[in-house]
Amino acid sequence: MKKLLLALTTFAVLAAGCSAGRSSAPADKAEGQAAGQEGAAKKRIALILPEKIGVNPFFQQMDEGAKKAGEEFGAEVKSIESTDHGAIEENLRVAVAENYDLIITSSFESEDALKKVAAENPDKNFAIIDTVVDLPNVRSVTFREQEAAYLMGAAAGLATKTNKVGMVVAMDIPLLKKWTGGFQEGMKATNPNAEFLVNYVGSFSDPAKAKELALLQASKGADFINGAAAVGDLGVFEAAKEKGFFTSGQDVDRTTIDPEHIVLSQLKGTDAAAYETVKSFVEGSFKPGVVTYGLKEKGVGVTYVTHESKTPLNAFIGQEVIDKVKAINDEIVAGTRKVPDSFE
């Protein structure tokens with residue numbers, strides 16, 4: 001709210017700056033212009049995050065990727081944190097009022113706010129990471145998470161000793177079916193006899209509930225439980241340490257937290273997505289529409305399979321399992337093995 005008040009008090013000065021020649025024209029009109037001309041004003045880019053940095057690594061690495069690109073390509077990048085989801089629209093409007101050249105936000109929490117603000121400002125460039133907003137001035141960056149989830153499920157199906165595999169998921173919503181559906185398909189491909197247990201937390205930020213559900217699945221015999229509950233994964237990790245089952249994390253390499261129990265991580269390159277978005281805008285190739293990152297583009301992956309890890313491979317998984325899953329990855333990248341885009 002302090003940022004909003006500051007923006008409102010300085011709006012008149014900023015508006016004068018707009019008329020003095022700071023361009024807010026769409027990127028397609030700017031294509032072909034040299035981004036690095038001597039004396040050219042720096043591009044100003046705002047990253048509107050739907051929560052505070054440091055709560056969820058998903059947004060932490062997005063912040064890092066955008067700022068890295070800003071440093072490398074000479075753009076001014078400012079991250080604006082939202083205290084709650086209700087503040088997202090306010091922050092988007094602040095960024096418009098402050099005349100940022102590109103405004104980036106993220107995730108389904110920001111969809112409604114961006115639809116409203118982008119529609120009201122058709123000459124302003126926007127981008128959203130991890131969901132789609134279908135407007136002519138918005139670039140939507142999405143991921144084929146189902147491909148990485150398929151690899152994770154394949155590994156779990158090969159590694160399980162009890163033939164019972166669990167998954168604790170944030171919410172039962174269409175978006176997350178890419179995780180549950182991809183995982184289940186991969187598990188069935190390598191172990192059709194394995195039983196799949198799935199429970200939903202009902203929130204992205206409830207470790208206590210996630211822990212309770214993980215303990216429930218462990219009591220039913222699951223020896224591998226995939227965490228897919230955002231901040232709730234911390235509760236799954238606690239349960240794994242207490243009961244001795246094996247688990248996995250999301251978005252970044254979580255094996256470093258507890259290598260004895262966290263044996264895999266499903267990776268999502270939100271840092272790469274933010275980096276490439278800033279890079280394309282500065283270089284003049286930014287266009288609206290949908291851009292998708294999957295295994296082929298290395299936008300998603302799994303530790304030890306597509307990406308190296310600082311943590312030694314746990315014996316529960318083992319190199320033989322990794323080698324088999326690497327072969328599956330190669331087939332998906334080559335297009336000889338298909339992973340569905342959506343799941344019922």
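How exposed is Lys 324, in terms of relative accessible area? Lys 324 comes out as partly exposed, because its relative accessible area is 41%. That value, like everything else described here, is computed from a predicted model. Lys 324 also has a partner: Glu 320 forms a salt bridge with Lys 324, and the closest N and O atoms are 3.5 Å apart. Both residues sit in helix H12 (residues 318–334), and because they are 4 residues apart there, about one helical turn separates them. An α-helix has 3.6 residues a turn, so residues three or four places apart point the same way. Glu 320, for its part, counts as exposed, since its relative accessibility is 57%.

Stepping back to the whole protein, the secondary structure comes to 12 helices and 12 strands. Of the 344 residues, 52% are buried. Contacts also reach far along the chain: among those between residues at least 6 apart in sequence, 67% join residues at least 24 apart.

Next comes the sheet. It is an open one, built from 6 strands in the order S2-S1-S3-S4-S5-S11, with parallel pairing. Its edges are strand S2 (76–81) and strand S11 (289–293), each of which pairs on one side only. On average, and with direction ignored, neighbouring strands of this sheet are turned by 20° against each other. Helix H4 (residues 57–73) packs on the sheet and touches strand S1 (44–49), S2, strand S3 (102–106) and S4. The direction of H4 makes about 175° with that of S1. Helix H6 (residues 111–120) packs on the sheet as well, touching S3, S4 and S5, and its direction makes about 170° with that of S4.

Two of the strand pairings can be followed in detail. Strands of a sheet pair through backbone hydrogen bonds, either parallel or antiparallel. S1 and S2 run in the parallel sense and pair over 6 bridges, with Ile 48 standing opposite Ile 80 in S2. To get from S1 to S2 the chain passes through H4, and this β-α-β crossover is right-handed. Strand S4 (residues 125–129) and strand S5 (residues 138–143) are also parallel, and 4 bridges join them. Here Ala 127 stands opposite Arg 139 in S5.

S5 also holds Ser 140. This serine is buried, as its relative accessible area is 1%. Its neighbours within four places in sequence aside, Ser 140 is in contact with Ile 128, Thr 131, Val 132, Val 133, Gly 289, Val 290 and Val 291. Ser 140 and Thr 105 lie 35 residues apart in sequence, and their C-alpha atoms are 9.8 Å apart in space.

Then there are the charged pairs. Side chains of opposite charge can pair when their charged atoms come close. The structure holds 17 salt bridges. One of them brings together the side chains of Lys 268 and Asp 130, at 2.6 Å from N to O. Lys 268 lies in strand S10 (residues 262–268) and Asp 130 in the loop between S4 and S5, so this pair ties together parts that are 138 residues apart in sequence. Both partners, Lys 268 and Asp 130, are buried. For Lys 268 the relative accessibility is 5%, which is why this lysine counts as buried. Apart from neighbours within four places in sequence, its contacts include Phe 58, Gln 61, Phe 143, Glu 145, Trp 179, Asp 251 and Gly 299.

A further salt bridge joins the side chains of Lys 177 and Asp 172, at 3.7 Å from N to O. Lys 177 counts as partly exposed, because its relative accessibility is 26%. Elsewhere, Glu 89, Arg 93, Lys 116 and Glu 120 are linked in a network of salt bridges.

That leaves helix H8, which covers residues 177–190. Its 14 residues, at 1.5 Å a residue, should span 20 Å, and the end C-alpha atoms are indeed 20 Å apart, so expectation and model agree. The buried residues in H8 are Lys 178, Trp 179, Thr 180, Gly 181, Gly 182, Phe 183, Gly 186 and Met 187. Among them is Trp 179, the residue that also turned up in contact with Lys 268.

Definitions and conventions. Residues numbered from 1 in each chain as written. Predicted model: local features only at pLDDT ≥ 70, side-chain atom pairs only at ≥ 80, totals over all residues. Heavy atoms only, no water. Helix = DSSP H or I, 4+ residues; strand = E, 2+ residues; numbered from the N terminus. Expected span 1.5 Å × (residues − 1). Buried < 20%, exposed > 50% of the residue type's maximum accessible area, 1.4 Å probe, protein only. Pairing = 2+ DSSP bridges. Axes fitted to C-alpha atoms, helices over the stretch in contact; angles between N-to-C directions. Contact = heavy atoms within 4.5 Å. Salt bridge = Lys/Arg side-chain N within 4 Å of Asp/Glu carboxyl O. Right-handed = clockwise from strand over helix to strand, strands pointing away.
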